[in-house]
Amino acid sequence: MRVILYTGKGGVGKTTVAAATAVRCAELGLRTLVISTDAAHSLGDSLDLPIGDHPTEIAPNLWAQEVNALHELEDHWERIHAYLSSLFASQGVDDIVAEELASPPGMEEVASLMWVRHHQREGKFDVLIIDCAPTGETLQLLAFPDVARWYLNKIFPIERRVMKVARPMVQPFVSIPLPGDDIFGHVKDLLTDLEGMKKILGDPKVCTVRIVLNLEKMVVKEAQRAFTYLSLYDYLTDMVVVNRVLPPEVNDAYFASWRQAQQRYSAMVDAAFDPVPIRRTRLFDHEIVGLEHLSEMARSIYGEDDPSRIFYRSVPQKLRKVGSAYELNLQLPFVSKDDVDITHREGELFVTVGPYKREISLPRILNGKRVTKGRLQEGMLSVTFANDKQ
């Protein structure tokens, strides 16, 4: 099953682009499900059809689903949540605070993504298109399996078999409720689901991410940061979709300054995301609502291409930890070290190759660190960030 995640800053039109992609995939004969994990669902509005919290068939080869995050949370976390609430409450924590502490941040949203593993195991669909929450929340979701594993391992550090033997003897002498066999079973099931989901989403042969943006400064900057973070977590971005581009026929003087700004930011997008494919779709003179108009948008983006194919297969930049330092790797083929110059300031790295400069938004994990080394070898630029004393 092919999985495509669409993300972007709120209001850029990612739901519309995701729905348009799904419509086109279905037209090509692929059994397609478009699923919304955003708590503020607008997928049904885009399709102009009522859809539910389970796959609803809305056209030949096309299904849609708006996940009920609260319902999914209850299914996957209820028993563990009840135990953790009682554990925190037994230590004098206020009941309401205990309820909050018992759920890791983002658990409600990530429970929605559990459907990815469910649909993959069921094997009913050829393509799963996910309309994600705005960028920041999406990145939290994609990092969640690692966070949850740490959280659960800290809370449940005792081996299940040891606890099974010791519980009857230990419980009378301690003031905290010890986890029962069923709790360990639920933890194991949850971790298995999270690992399964991570395995699917982290496989670049199965899952890719597409960033949707508009030609506005704040939107482009956020998209750059998202691109860096996605690379940080080893998720492959195979396309950038630029939405609402003014078409050439709009030449009214009223739009002149807007067109100039779009042209300026369009060049910025080309410089920032190359060599990842960039597709543009125009600002339409009508609302993109309903299957017919979504199909029109899809053809504007993809032409005759199959939207489900993987358009780019290499992670162009990657950040990894090396000892106590960090190393940013960036692909720069066909250049020599004399052609490359790097400049670093807090939060940004500028890489200049000849007359071209690329700005890379750095993740916050590199705040307070400086560039200590840079090298170019076999088309790969490696930049090392470390503390001043290293």
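In this predicted model, Phe273 touches Leu213, Ala223, Gln224, Phe227, Val240 and Ile278, leaving aside residues up to four places away in sequence. Phe273 is also part of the largest nonpolar core, which has 77 residues. Together with Leu5, Ile129, Ile130, Leu201 and Leu213, Phe273 touches the most other members of that core. Helix α1 (residues 14-27) supplies the largest share of this core, eight residues. Another core, of 14 residues, lies apart from it and includes Leu349, Ile360, Leu362 and Phe385.

**The two sheets**

The model has an open sheet of eight strands and an open sheet of four strands, set out in the table.

| Strand order | Pairing | Edge strands | Average twist from one strand to the next |
|---|---|---|---|
| β3-β4-β2-β5-β1-β6-β7-β8 | mixed | β3 (56-59) and β8 (278-282) | 25° |
| β9-β10-β15-β14 | antiparallel | β9 (317-322) and β14 (370-377) | 20° |

Strands of a sheet pair through backbone hydrogen bonds, in a parallel or an antiparallel way. In the eight-stranded sheet, strand β1 (residues 2-7) and strand β6 (residues 207-213) run parallel and are joined by five bridges. Within this pair, Ile4 stands opposite Thr208 in β6.

Two helices pack on this sheet. Helix α10 (residues 256-273) touches β6, β7 and β8, and its direction makes about 155° with that of β8. Helix α1 lies across β1, β2 (32-36), β4 (62-66), β5 (127-131), β6 and β7 (237-245). The direction of α1 is at about 165° to β5.

In the four-stranded sheet, β14 and strand β15 (residues 380-386) run antiparallel, with seven bridges between them. Lys373 has Thr384 in β15 as its bridge partner. Each of the edge strands, β9 and β14, pairs on one side only.

**Helix α1 against helix α11**

Two packed helices are described by the angle between their axes and the distance between the axes. Helix α1 packs against helix α11 (residues 291-302) at an angle of about 90°, and their axes are 8 Å apart. Angles of 65 to 115 degrees count as roughly perpendicular, so α1 is roughly perpendicular to α11.

On the α1 side, the contact is made by Thr16, Val17, Ala19, Ala20, Thr21, Val23, Arg24 and Glu27. On the α11 side, it is made by Leu291, Leu294, Ser295, Met297, Ala298, Arg299, Ile301 and Tyr302. Of the residues in this contact, ten are nonpolar, three are polar and three are charged.

Methods. Residues are numbered from 1 along each chain as its sequence is written. This is a predicted model: local features need pLDDT of at least 70, side-chain atom pairs count only at pLDDT 80 or more; totals for chains, interfaces and linings use all residues. Side-chain values use heavy atoms; hydrogens and water are left out. A nonpolar core is a set of buried Ala, Val, Leu, Ile, Met, Phe, Trp, Tyr and Cys residues joined through side-chain atoms within 4.5 Å. Buried means under 20% relative accessible area, exposed over 50%, partly exposed in between (1.4 Å probe, protein chains only). Contact means heavy atoms within 4.5 Å. Axes are lines fitted to C-alpha atoms, for helices over the stretch in contact, and angles run from 0 to 180 degrees between N-to-C directions. Angles under 35 degrees count as roughly parallel, over 145 as roughly antiparallel, 65 to 115 as roughly perpendicular and the rest as oblique. Ala, Val, Leu, Ile, Met, Phe, Trp, Tyr, Cys and Pro count as nonpolar, Asp, Glu, Lys and Arg as charged, and the others, Gly among them, as polar. Two strands pair if DSSP finds at least two bridges between them.
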